[in-house]
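Please go through the model below with attention to its ligand, its aromatic rings and a few individual residues. The paragraphs that follow take these topics in turn.

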Amino acid sequence: MKRVITYGTFDLLHYGHINLLRRARKLGDYLIVALSTDEFNKSSKNKVCYFTYKERKQLLESVRYVDLVIPEENWEQKIRDVKEYHIDTFVMGDDWKGKFDYLKEYCEVVYLPRTPEISTTKMKREIGLQS
Ligand code: C2G
């Protein structure tokens, strides 16, 4: 069984996220999503989410491509996660290209093209304007 992992905040889940998850899952047989906790978002990613971790986790768990959701609590946990979950392939959108190449020592590292026209930030801005 080929095991794939990806990381992210996945706030206001949208089709750009789904495109990533679908392609990531296709690279193996089992997809784990390490979901940024509210604390990690606030302290290290300077992100304030609309949905809580619990809500974002519930949404991701309902996506057919996702097999398991685990917490992402810090930048340093990736090597441990790759070992602990016997990961074959690490996947991220290419806005992160090169940033996680250190994981090549432990697993395959794949950066997939982002879906260009959509982002959580854009959604917040446009929905906010129309409210
Ligand atoms: N993504 C995408 N297309 C978009 C928006 C996002 O392919 N239009 C991808 C991102 O490249 C990322 C994933 O969807 O691989 C999740 O996006 P975010 O929630 O923005 O993730 P980010 O905040 O970049 O967190 O340790 C890694 C970080 O946790 C990544």
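**The ligand and its surroundings**

An oxygen atom of the ligand lies 2.5 Å from an N or O atom in the side chain of K47. This distance, like every other value given here, comes from a predicted model, and the reader may wish to keep that in mind throughout. A ligand oxygen atom is also found 2.8 Å from an N or O atom in the side chain of K78, while for T9 the partner is a polar backbone atom, at 2.9 Å from an oxygen atom of the ligand. Taken on its own, the ligand has 640 Å² of accessible area, and the protein covers 95% of it. The ligand is surrounded by 21 residues, and the closest are K47, E72, D95, T115 and I118.

K78 also takes part in a second kind of arrangement, since its charged end sits over the ring of Y7, 4.6 Å from the ring centre. A comparable description applies to R3, whose charged end sits over the ring of Y30 at 4.8 Å from the centre of that ring.

**Aromatic rings**

With ring centres required to lie within 6.5 Å, the model holds seven aromatic pairs. One of them joins Y7 and F90, whose ring centres are 5.8 Å apart and whose planes meet at 40°, so the pair is classed as tilted; this angle falls between the limits of 30 degrees for stacked and 60 for edge-to-face. Y7 belongs to strand β1 (residues 3–8) and F90 to strand β4 (residues 89–93), so that this pair links distant parts of the chain, 83 residues apart. Y7 and F90 are both buried.

Another pair is formed by F40 and W75, with 5.0 Å from centre to centre and 70° between the planes, and it is edge-to-face. Here too distant parts of the chain are linked, with F40 in helix α2 (residues 38–44) and W75, 35 residues apart from it, in the loop between β3 (68–72) and α4 (78–84). How buried or exposed are the two partners, F40 and W75? F40 counts as buried because its relative accessibility is 1%, which is under the 20% limit, whereas W75, at 29%, counts as partly exposed. Ring pairs link Y7, F40, W75, F90, W96, F100 and Y102 into a cluster.

**The loop between β5 and α5**

T115, one of the residues closest to the ligand, lies in the loop between β5 (108–112) and α5 (120–130). Its relative accessible area is 13%, and T115 is therefore buried. The side chain of T115 makes a polar contact of 2.9 Å with the side chain of N19, and N19 is listed together with Y15, G16 and R23 as in contact with T115 once neighbours within four places in sequence are left aside.

P113 has its place in this loop between β5 and α5 as well, but with a relative accessible area of 46% P113 is partly exposed. Not counting residues up to four places away in sequence, P113 touches R23 and D94. The C-alpha atoms of P113 and M92 are 8.8 Å apart in space, with their positions 21 residues apart in sequence.

**Strand β2 and the loop after β1**

I32 is found in strand β2 (residues 30–36) and is buried, its relative accessible area being 0%. Which residues does I32 touch, not counting those up to four places away in sequence? They are R3, V4, I5, T6, L68, I70, Y85 and I87. I18, by contrast, is 14 residues from I32 in sequence and 14 Å from it, C-alpha to C-alpha.

The loop between β1 and α1 (15–26) holds F10, and L12 is found there too. F10 has a phi near 50°, a positive value in a residue other than glycine, and L12, although it is not a glycine, likewise has a positive phi, of about 45°. Both count as buried because their relative accessible areas, 8% for F10 and 15% for L12, are under 20%.

Methods:
Residues are numbered from 1 along each chain as its sequence is written. This is a predicted model: local features need pLDDT of at least 70, side-chain atom pairs count only at pLDDT 80 or more; totals for chains, interfaces and linings use all residues. Side-chain values use heavy atoms; hydrogens and water are left out. Rings of Phe, Tyr and Trp (its six-membered ring) pair if their centres lie within 6.5 Å; planes under 30 degrees apart count as stacked, over 60 as edge-to-face and the rest as tilted. Helices (H or I, at least four residues) and strands (E, at least two) are DSSP runs, numbered from the N terminus. Buried means under 20% relative accessible area, exposed over 50%, partly exposed in between (1.4 Å probe, protein chains only). A charge sits over a ring if NZ of Lys or CZ of Arg is within 6 Å of the ring centre and within 35 degrees of the ring normal. A polar contact is a pair of N or O atoms within 3.5 Å; within protein, one must be able to donate a hydrogen and the other to accept it, and residues adjacent in sequence count only if both atoms are side-chain atoms. Contact means heavy atoms within 4.5 Å. A residue is near a molecule or strand if one of its heavy atoms lies within 4 Å of it. Accessible areas come from the Shrake-Rupley method with a 1.4 Å probe; for residues, only the protein chains shown count as cover.
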